[in-house]
Amino acid sequence: MPTVLDDIIVGVREDLEARRRETSLAQMRERALQVTPARDAWAALRGGRSDASGLRVISEVKRSSPSKGALADIAAPADLARSYERGGAAVISVLTEQRRFGGSLADLDAVRAAVDIPVLRKDFTVDEYQIHEARAHGADLVLLIVAALDDAQLRDFLDLTHELGMNALIEAHTPEEIERAAALKPRIIGVNVRNLKTLEVDPSSYGRLAPLLPSDVVQIAESGVDGPQDVAEYARHGADAILVGEALVRHGDPAQAIRDFRSASAAVR
Ligand SMILES: O=C(O)c1ccccc1NCC(=O)[C@H](O)[C@H](O)COP(=O)(O)O
């Protein structure tokens, strides 16, 4: 029985092949070499657990999701990104998957042009083409989901990401996936408390999984933030940063929400 993640990846591959017919891998490689060098997302995220102003926040541009359907219109992703930056976001995540999340590479372009902080291309990376494409569109950070890749792909994609001057957020959800992530000796690991195969969200799983993370990586708690109390809980378990989508795109004042998240986490130190 295919999982939600399997279904998403089928669509991602189809869309990717259509883009590859328009722009070959060789052309995309060339474009990736011509853009401004990547910003250092690792430096922007590290040290959040000892930062007196609170956890670093990766703020997501998320229109819809498989679990919740439509979340927010986001007619102008650049305006939302500027609010995020004003509120003190460390990194902006742009979901570029179109079928389930309503995102696009045009969103990534708009956000890149609007802010100075690092930008994460949040997609379901299954092919090196997407990594060159992310860089060609100005991304500084890409997502590699352990559940979607085998060990050889993880190694190759992480190496390619570094060759292009970017960082990768390696995303895990189980103890086994954390072990596979850690074996890569990466700089950034995220624990997604959402199971991408079933869509179940369990914020308490962060506290169980965080002790398995290598102490020298930037540790990110992903998903499941409804309010400041959830952020405080992630801070208690040593996260450097949080990744938040729904709670920000549904909030009337996302800049203030980011400030509230940061001060709630600063208070638990
Ligand atoms: O959000 C979903 O429903 C989803 C379903 C299947 C695969 C991925 C999915 N989301 C990606 C993410 O993990 C989140 O966008 C991100 O971590 C922010 O989560 P949240 O703050 O809970 O919106």
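## A tour from the H2–H6 contact to the ligand

Start by selecting two sets of side chains: Leu-25, Met-28, Arg-29, Arg-31 and Ala-32 in H2, and the residues they meet in H6, namely Tyr-129, His-132, Glu-133, Arg-135 and Ala-136. Colour them by type and you'll find that this contact of H2 with H6 splits into five nonpolar, one polar and four charged residues. Keep in mind as you click around that this is a predicted model.

Now show the two helices whole: H2 covers residues 25–34 and H6 covers residues 128–136. Their axes lie 8 Å apart and make an angle of about 35°. Which hand does the crossing of H2 and H6 have? It's left-handed.

Next, zoom out and select residues 5–260. UniProt, in an unreviewed entry, gives this stretch the feature "domain: Indole-3-glycerol phosphate synthase". Over these residues the chain is 43% helix and 17% strand, and the C-alpha atoms at the two ends sit 32 Å apart.

Hide the helices for a moment and look at the strands. Eight of them close into a barrel with parallel pairing, and you can walk round it in the order E1-E4-E5-E6-E7-E8-E9-E10. On average, neighbouring strands here are turned by 25° against each other, ignoring direction.

Bring back helix H4 (residues 77–87), which packs on the sheet and touches strands E1 (56–61) and E4 (91–95). The direction of H4 makes about 170° with that of E1.

For a close-up of one pairing, pick E9 (residues 218–222) and E10 (residues 241–244): they run parallel and are joined by three bridges. Ala-221 is the residue to click here, as it stands opposite Ile-242 in E10.

Last stop: the ligand. How many residues are around it? There are 19, and those that come nearest are Ser-65, Ser-67, Ser-223, Gly-245 and Glu-246. Strand E10 and helix H11 (246–249) are the elements that each give two or more residues to this shell. Colour the shell by type and you get eight nonpolar, six polar and five charged residues.

Note on methods: Residues are numbered from 1 along each chain as its sequence is written. This is a predicted model: local features need pLDDT of at least 70, side-chain atom pairs count only at pLDDT 80 or more; totals for chains, interfaces and linings use all residues. Two strands pair if DSSP finds at least two bridges between them. Helices (H or I, at least four residues) and strands (E, at least two) are DSSP runs, numbered from the N terminus. Axes are lines fitted to C-alpha atoms, for helices over the stretch in contact, and angles run from 0 to 180 degrees between N-to-C directions. Two residues are in contact if their C-beta atoms, placed from the backbone, lie within 7 Å. A residue is near a molecule or strand if its C-beta atom, placed from the backbone, lies within 6 Å of it. Ala, Val, Leu, Ile, Met, Phe, Trp, Tyr, Cys and Pro count as nonpolar, Asp, Glu, Lys and Arg as charged, and the others, Gly among them, as polar. UniProt positions are given in the numbering used here, feature names are shortened, and annotations may be inferred rather than shown by experiment. A crossing is left-handed if the near helix is turned anticlockwise from the far one by less than a right angle, and right-handed if clockwise.
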